[in-house]
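Open the structure in your viewer and keep the selection tool at hand. The tour moves from one selection to the next and says what is there.

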Amino acid sequence: MAQNFTHLRFPLSFLIICLYIDSTLAEKAQNFYPFFRVDTDGTIHRYQEAKFVPPSFNPETGVQSKDVTILPEQNVSARLYLPKISGKNQKFPLLVYIHGGGFCTGSASSPMYDSYLHKLTAESNTVAVSIEYRLAPEYTIPACYDDSWAVMKWVEQGTDPWLKEHADFSRVYLAGDSAGANIAHNMMVRASEESHFSPTLIGMALIDPYFGNDKPDSLWTYLCPKTTGIYDPRFNPAAHPRLLSKLNCSKVLVCTAGKDFLRDRAWTYYENLKKSGWKGEVGIKEIEGEDHVFHLYNQTSEKAKILMKSVVDFLVYDDSSQQVNLGSKVSEFSMSLVVFAFNLFCLCIHKSS
């Protein structure tokens, strides 16, 4: 019996070891549908094939685009959009846009984002820089932040002919959707901390932002293995009011949708920014009955047009221009009052005579 037990002991131990190894490897397999899955050997499978479109010129709107390589060794680039030019050295507000996709999908040159940026550029009359950053999980976070900041610093130099001739660096905006909104916020934080960042940041538009909510987030945790946890300021900025209070811009627009699974996080960011002591103006726009980034998948829908108008109004509204317009209206009223008084005076003289 002892011999038989000893004889069976080796295969039993071997089986236990094999089961342990198998279970350990199985724990490493990850599935993040609809983005990607990772096999136990580390092989990454994406559920959606990436599609790209080249830069183009739209004869109807006059908007043209081009691609610029910024960090060739890291495949960091940007797609620039120039609105219709009606005069030499005509200046436009500058918009830096960052695409979404859960930090792991999407592209500035995808058909969806290229179409959206063409529309946004035409309607807002801005020069737009759409950032192409490295995607996780091949390049874990903070690669997306580092790449976006590299583009921000490139923009600051203003050496590109389109930027040099047509971008107004005293009116710079940041914008993005979903994970891109998260990155846009973090770029604003970094620019606010950077004492030598020269462009004047007016505001940022955060559309369906992908932020944390004081609970574990499996996608963020996997893509950012060095995260500090659920209160990581990069992912959960609402938990850091002191950080929010130091944003170096004068206005923020937060957009969300009634059926968006991230809706509550957008509202939390909005409410905490208001209470943080930040001196700027923050607004929120919610589109009822719609889902996450619906405006990208159905760009011609009526509600997508409503959201577009909100973003465009945010970008084109200028306090100084409003004051000029108000001043001109006051001047017109004053002149009308003078004319009325003069006519009344003449009428009185005529009657007395």
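Strands here are DSSP runs of E with at least two residues, and helices are runs of H or I with at least four; both are numbered from the N terminus. The model is predicted.

**Stop 1: two cis prolines**

Select proline 34, in the loop between β1 (30-32) and β2 (36-38). A cis peptide bond joins tyrosine 33 to proline 34, with omega about 10°. Now go to proline 137, in the loop between β7 and α3. The peptide bond from alanine 136 to proline 137 is also cis, and its omega is near 5°.

**Stop 2: the sheet**

Show the strands as a cartoon. An open sheet of 8 strands runs in the order β4-β5-β7-β6-β8-β9-β10-β11, with mixed pairing. Its edge strands are β4 (64-71) and β11 (281-287), each of which pairs on one side only. Averaged over the sheet, neighbouring strands are turned by 20° against each other, direction ignored.

Select residues 92-98 and 127-132 next. These are β6 and β7, which pair in the parallel sense over 5 bridges. Within this pairing, look for leucine 95: alanine 128 in β7 stands opposite.

Add residues 111-124, which form helix α2. Helix α2 packs on the sheet and touches β4, β5 (76-82), β6, β7, β8 (167-177) and β9 (201-207). The direction of α2 makes about 40° with that of β5.

**Stop 3: two residues with positive phi**

Select asparagine 125, in the loop between α2 and β7. Asparagine 125 is not a glycine, yet its phi is positive, about 55°. Is asparagine 125 buried or partly exposed? It counts as partly exposed because its relative accessibility is 36%, and that class runs from 20% to 50%.

Aspartate 214 lies in the loop between β9 and α6. Aspartate 214 has a positive phi too, about 65°, and is not a glycine. With 40% relative accessibility, aspartate 214 counts as partly exposed.

**Stop 4: aromatic rings**

Show the side chains of Phe, Tyr and Trp. The count of aromatic pairs comes to 15. Start with phenylalanine 103 and tyrosine 210, a tilted pair with 5.7 Å centre to centre and 40° between the planes. Where in the chain are these two? Phenylalanine 103 is in the loop between β6 and α2, and tyrosine 210 is in the loop between β9 and α6 (218-223), so the pair links distant parts of the chain, 107 residues apart. Phenylalanine 103 counts as buried because its relative accessibility is 1%. Tyrosine 210, at 6%, counts as buried as well.

Keep these two selected and add Tyr145, Trp220 and Phe235. Ring pairs link Phe103, Tyr145, Tyr210, Trp220 and Phe235 into a cluster.

Move to tryptophan 149 and phenylalanine 197. They form a tilted aromatic pair, 5.5 Å centre to centre with 35° between the planes. This pair also links distant parts of the chain: tryptophan 149 is in helix α3 (residues 143-157), and phenylalanine 197 is in the loop between α5 (179-193) and β9, 48 residues apart. Both tryptophan 149 and phenylalanine 197 are buried.

**Stop 5: lysines over rings**

Select lysine 66 together with tryptophan 162. Lysine 66 lies over the face of tryptophan 162, at 4.5 Å from the ring centre. Then select lysine 251 and phenylalanine 314. Here lysine 251 lies over the face of phenylalanine 314, and the figure is 4.7 Å from the ring centre.

**Stop 6: helix α10**

Phenylalanine 314 is one of the buried residues of α10. Select the whole helix, residues 302-316. Its 15 residues reach 21 Å from the first C-alpha to the last, close to the 21 Å expected at 1.5 Å a residue. The other buried residues of α10 are Ala304, Leu307, Met308, Ser310, Val311, Val312 and Leu315. An α-helix has 3.6 residues a turn, so residues three or four places apart point the same way.

**Stop 7: helix α5**

Finish with α5, which has 15 residues and reaches 21 Å from its first C-alpha to its last, close to the 21 Å expected. How many of the residues of α5 are buried? The number is 12 of the 15, so α5 is largely enclosed by the rest of the structure. Among them are Ala179, Ile183, His185, Met187, Met188 and Val189. Show what surrounds the helix: the buried residues of α5 pack against β6, α3, β8, β9, α7 (241-244) and α8 (263-275).

Notes:
Residues numbered from 1 in each chain as written. Predicted model: local features only at pLDDT ≥ 70, side-chain atom pairs only at ≥ 80, totals over all residues. Heavy atoms only, no water. Pairing = 2+ DSSP bridges. Axes fitted to C-alpha atoms, helices over the stretch in contact; angles between N-to-C directions. Contact = heavy atoms within 4.5 Å. Expected span 1.5 Å × (residues − 1). Buried < 20%, exposed > 50% of the residue type's maximum accessible area, 1.4 Å probe, protein only. Phe/Tyr/Trp six-rings, centres within 6.5 Å; stacked < 30°, edge-to-face > 60°. Lys NZ or Arg CZ within 6 Å of the ring centre and 35° of its normal.
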